[in-house]
Amino acid sequence: MNREATLRDYYQAMLAALGPSRWWPGRTPFEIALGAILTQNTAWTNVEKAMHALRESGLLDPRALARLTDEELATFIRPAGAFRVKAARVRNFLLFLHRTCDLDMDGLRGETVETLRPALLEVSGIGPETADSILLYALGLPSFVVDAYTRRILNRHGLVPEDIAYGELREFFMDVLPPDPALYNEYHALIVRTGKNWCAKRQGKCPDCPLAVFLEEFSPLTCTGKSIIPHP
DNA sequence: CTCCGGTCGT
DNA sequence: ACGACTGGAG
């Protein structure tokens, strides 16, 4: 298969069906990075509750957040779940910002994916997906974000193995797509929107999915990963 | 591989 | 009631 053409076709199909996503416009880099940590294995609606609580108290700012104790922080982000773990992770990220840019993410402008990505991965609590989300959505750097939906959709379409590693799947996109942050931003956003609405873990809703045209056939009743017949 | 965890849809 | 949710660490 021509991977580049295939990935562009998938992108166009989702864009045509869903329209542009406009993810995280008008938000500060720190707010976006914070959201990226809080949303780990968590529905975004829960993250919004936590972000709202922080906003109401004027805490969507690294210098303000840094003054809280771990316990206070945990209380604010409680609706996001795993709040004790995430409080520690936010703390580690704040320490990272203190070290690298004096708690001002504008100071990270000028960094590249090659230098900043490994540095972020050194922070306990920031794994590959969170790092790429921060690079792409907070800093506008061309680092493709891979998530559970990306793996599930591509696997169910027979394009990649189910157990493909994060880095391999990221390169599956980055090897053939130009390093365009706007393209990466919209592509991942479209995948998440498509995944959330049509590609649930248990049972997909393939008949109405924007990507259904790429399946040779499928069973409407048992539209799970294994029941989809991969296209050639 | 297991735990973290409140919240929401089924 | 039950499992999934834009993961990551020990």
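## Contacts with DNA strand B

An N or O atom in the side chain of Asn46 sits 2.5 Å from a base nitrogen of DNA strand B. The model you are looking at is predicted, so please read this distance, and the others below, as a property of that model. Asn41 also reaches a base: one of its polar side-chain atoms is 3.0 Å from a base oxygen of DNA strand B. Lys49 goes to the backbone of the DNA instead, with a side-chain N or O atom 3.1 Å from a phosphate oxygen of DNA strand B.

These three residues belong to a wider surround of DNA strand B, which also includes Thr42, Arg78, Pro79, Ala80, Gly81, Ala82, Phe83, Arg84 and Val85. Of the atoms of DNA strand B that come within 4 Å of the protein, 63% are accounted for by sugar and phosphate. Sorted by class, the surface near this strand has five nonpolar, four polar and three charged residues.

Which helices supply at least two residues each to this surface? They are H3 and helix H6, the latter spanning residues 83-101. H6 gives the largest share, three residues.

## Contacts with DNA strand C

Now for the other strand. Around DNA strand C there are 25 residues, and the closest are Asn41, Gly125, Gly127, Thr130 and Tyr149. Asn41 is thus listed here and also in the surround of DNA strand B. By class, the surface near DNA strand C has nine nonpolar, nine polar and seven charged residues.

Sugar or phosphate makes up 67% of the atoms of DNA strand C within 4 Å of the protein, and bases make up the rest. Two phosphate contacts come from side chains: an N or O atom of Tyr149 is 2.2 Å from a phosphate oxygen of DNA strand C, and an N or O atom of Arg202 is 3.2 Å from a phosphate oxygen of this strand. Ala43 uses its backbone, placing an N or O atom 3.4 Å from a base oxygen of DNA strand C.

Three helices each supply at least two residues of the surface near DNA strand C: H8 (128-138), H9 (148-156) and H11 (181-198).

## How H2 packs on H3

Helix H2 covers residues 29-38 and helix H3 covers residues 44-56; their axes are 10 Å apart and the packing angle is about 135°. H2 is therefore oblique to H3. The crossing of H2 past H3 is right-handed.

On the H2 side, the contact is made by Glu31, Leu34, Gly35 and Leu38. On the H3 side, Trp44, Val47, Ala50, Met51, Leu54 and Arg55 take part. Sorted by class, this contact has seven nonpolar, one polar and two charged residues.

## How H2 packs on H8

H2 also meets H8, a helix already mentioned for its residues near DNA strand C. The axes of H2 and H8 cross at roughly 155° and come within 9 Å, so the two helices are roughly antiparallel. This crossing, too, is right-handed.

From H2, the residues in contact are Pro29, Ile32, Ala33, Ala36 and Ile37, while H8 brings Thr130, Ser133, Ile134, Tyr137 and Ala138. By class, the contact of H2 with H8 has eight nonpolar, two polar and no charged residues. Thr130 of H8 touches H2, and Thr130 is also listed among the closest residues to DNA strand C.

Methods: Residues are numbered from 1 along each chain as its sequence is written. Chains are lettered from A and ligands numbered from 1 in the order in which they are written. This is a predicted model: local features need pLDDT of at least 70, side-chain atom pairs count only at pLDDT 80 or more; totals for chains, interfaces and linings use all residues. Side-chain values use heavy atoms; hydrogens and water are left out. Axes are lines fitted to C-alpha atoms, for helices over the stretch in contact, and angles run from 0 to 180 degrees between N-to-C directions. Helices (H or I, at least four residues) and strands (E, at least two) are DSSP runs, numbered from the N terminus. Angles under 35 degrees count as roughly parallel, over 145 as roughly antiparallel, 65 to 115 as roughly perpendicular and the rest as oblique. A crossing is left-handed if the near helix is turned anticlockwise from the far one by less than a right angle, and right-handed if clockwise. Contact means heavy atoms within 4.5 Å. Ala, Val, Leu, Ile, Met, Phe, Trp, Tyr, Cys and Pro count as nonpolar, Asp, Glu, Lys and Arg as charged, and the others, Gly among them, as polar. A residue is near a molecule or strand if one of its heavy atoms lies within 4 Å of it. A polar contact is a pair of N or O atoms within 3.5 Å; within protein, one must be able to donate a hydrogen and the other to accept it, and residues adjacent in sequence count only if both atoms are side-chain atoms.
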